Amino acid sequence: MSKRALALAVCLSLCASGVARAEPPKVSPESGPKAATPAKPARPKKGAKAFPPCRLFIGEIKDLRTDPGTMGAVGSMVYVDDMDGWVRTGFQRLVADNRFTLVETAEEAEVALKVDLIKSYIYAGNGMSKAATVVVRVHYTAGDWALGENVYRGGKSSVNWVGTSSESIGSLNISLLEAVEASKPDLLKGCLAVRARAEGQGQSASAD
Amino acid sequence: MRSRTLKSLMLACALGAGAMGLTACVTPIPEHVPLSIAAREAVTSTEVVAPVRQSEIYVYVAPVNTGGQGGMIGVLIAAGIDAANTSAAEEDVKPARDAIIDFNFDEMLRQDLTTSLADVGFLKASGVRVVRDVSAANLNKAISDSPQDAVLMTVADYQFNSDASAVTVTMYASLYSSSPAMDAFKPAKGGDAKFLYAPGNALYRNKFAYVVDMPGSRGKRVDNIAAWSADGGAPLRKALTEGSTEVTRQLAKDLPLDPPPPPVKK
């Protein structure tokens, strides 16, 4: 009985995957994380100073991987249509956090980001598992001031049901968002540093 | 309409199950197939193709074996445990991956292959081509479209064992015909016309492995990975460098070996 159940499970997986794999998965802005609604500004606590959202600009995105065309495989290969657009959709989700807002130009921004994509892949583990990883290096600048850079890693492991496109792309999207989430503390530090400097400059100007 | 779809699905499943049953009857292809002297003498040029399947080191996670217990529920539970184990391993391996984020294993392997195979005169190898699209269609194309007489395909893997007390670098090497002249040396049995890179089509194949144990292994996986990652991942870099050099050296040493004499008939 149990052998029959196993055979049936394998069979259904194979059949379903056969149907689902007609088109290989492709990474693009359309398949990336869904756009987020900008968060409402936070109400400052009584007596606390308001923290206006930090103005961010997402600048150049470079793909530093050795193969820009693919992102590994779970059953079928995952191909790349528009890497720049895909990574951008991940960082655009920062607007869902009321501490950040996105602006159109570097001049308007308090902090500008440049992103290097270092790793982005998915693989099928032993048994019925799959694991996706995205690693980015983010460079922070404020005008001519280089605030620094850091590397962030996101990952998602889960059951590999039938190796469909949506499973693969979904895991990569979650990994990308996890890497973006990991960058938030540094982003905030950058914003605070920029504001502290502006405040300091303002005070010294008024003292003069 | 729904019943027709269901029937088609059941038919597909029945055929699938039948195919699975048949594969169990196929004679297994030996891991080591030596290159015949005649084939070696016939090669006029070889293209070395290195398909790369992984982007970073990983931890080997043994799949759960339910032993057929629990039926469908058992399968689902096993899938869940596999995913949880993989998730834990992926979390544990992060420090090692971060420590060697700039380390390009594929490029090192490519260079080692170029150096080692230069010593195997009869191959007349012309460089090493790294292939990252490892889809069946692309691997087939790598063989069918090769301008050379033969294609030597080398698939490498590098991993921690489950407790990360050791690093293993493995290389699977197979030589395929990509010209009518070399087709004569294809194995008489076990060939596969659809998948040109199938093991049964190989004129030569072997597996090479190099294992580096961590001295004074600490028992716990996270502790072992911390030790591999120390000093910018120096111990891990050393293990992978040695592994790459060693497996390519083993391949270069094995390729020219004469096949064993056929058994004498009594």
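1. Let me start in chain A of this predicted model, with strand β3 (residues 70–74): three bridges join it to β4(A), and the two strands run antiparallel. Val74(A) has Ser76(A) in β4(A) as its bridge partner. The hairpin of β3(A) and β4(A) leaves one residue between the strands, and Gly75(A) takes a positive phi near 80 degrees there.

2. Strand β4 (residues 76–80) of chain A also has a parallel pairing, over two bridges, with β1(A). If you would like a pair of residues to click on, Val27(A) stands opposite Val80(A) in β4(A). So that the two pairings can be viewed together: β4(A) runs antiparallel to β3(A) and pairs in the parallel sense with β1(A).

3. Further along chain A there is another hairpin to look at, made by β7(A) and β8(A), with two residues between them. Strand β7 (residues 129–142) and strand β8 (residues 145–159) run antiparallel and are joined by 14 bridges. Thr141(A) stands opposite Ala146(A) in β8(A), and in the turn Gly143(A) has a positive phi of about 65 degrees.

4. Here is a loop residue in chain A that you may want to select: Pro41(A), placed between β1 (26–27) and β2 (54–63). Is Pro41(A) buried or exposed? Neither label fits, because 13 C-beta neighbours inside 10 Å make Pro41(A) partly exposed, and a residue counts as exposed only with 12 or fewer. Leaving aside residues up to four places away in sequence, Pro41(A) touches Pro53(A) and Asn98(A). Tyr121(A), by contrast, lies 80 residues from Pro41(A) in sequence and 35 Å from it in space, C-alpha to C-alpha.

5. For an overall view of chain A, the secondary structure comes to three helices and eight strands. Read from the N terminus, the order is α-β-β-β-β-α-β-β-β-β-α. Chain A has 208 residues, of which 36% count as buried. Among its contacts with a separation of 6 or more, 74% are between residues 24 or more positions apart.

6. Chain B can be set out along the same lines. It has seven helices and six strands, and from the N terminus on the elements run α-α-β-β-α-α-β-α-β-β-α-β-α. Of the 266 residues of chain B, 34% count as buried. When contacts in chain B between residues at least 6 apart in sequence are considered, 79% of them join residues at least 24 apart.

7. Now for the cores. Which residues of the largest nonpolar core touch the most other members? They are Val48(B), Val93(B), Val151(B), Leu152(B), Leu175(B), Tyr176(B) and Leu203(B), in a core of 56 residues. Leu175(B) has contacts with Leu35(B), Ala150(B), Leu152(B), Ala202(B), Leu203(B) and Tyr204(B), again without residues up to four places away in sequence. A second, separate core has 41 residues, including Cys54(A), Val87(A), Ala109(A) and Leu113(A).

8. Two backbone angles in chain B deserve a look in your viewer. Most residues other than glycine have a negative phi. Lys124(B), although not a glycine, has a positive phi of about 50 degrees, and Ala164(B), also not a glycine, has one of about 60 degrees. Lys124(B) is in the loop between α4 (105–117) and β3 (125–131), while Ala164(B) is in the loop between β4 (150–160) and β5 (166–177). Their surroundings give them separate labels: Lys124(B) has 14 C-beta neighbours inside 10 Å and so counts as partly exposed, whereas Ala164(B) has 28 and so counts as buried.

9. Last comes a helix pair in chain B. The axes of α4(B) and helix α7 (residues 221–254) come within 9 Å and cross at roughly 30 degrees. Why is α4(B) described as roughly parallel to α7(B)? The reason is the crossing angle of roughly 30 degrees, because angles under 35 degrees count as roughly parallel. The crossing is right-handed. On the α4(B) side the contact is made by Phe105(B), Met108(B), Leu109(B), Asp112(B), Leu113(B), Ser116(B) and Leu117(B). The α7(B) side contributes Leu240(B), Thr241(B), Ser244(B), Thr245(B), Thr248(B), Arg249(B), Leu251(B) and Ala252(B).

How values were computed:
Residues numbered from 1 in each chain as written. Chains lettered and ligands numbered in written order. Predicted model: local features only at pLDDT ≥ 70, side-chain atom pairs only at ≥ 80, totals over all residues. Helix = DSSP H or I, 4+ residues; strand = E, 2+ residues; numbered from the N terminus. Buried ≥ 20, exposed ≤ 12 C-beta atoms within 10 Å, placed from the backbone. Contact = placed C-beta atoms within 7 Å. Core = buried A, V, L, I, M, F, W, Y, C linked by C-beta atoms within 7 Å. Axes fitted to C-alpha atoms, helices over the stretch in contact; angles between N-to-C directions. Left-handed = near helix turned anticlockwise from the far one by under 90°.
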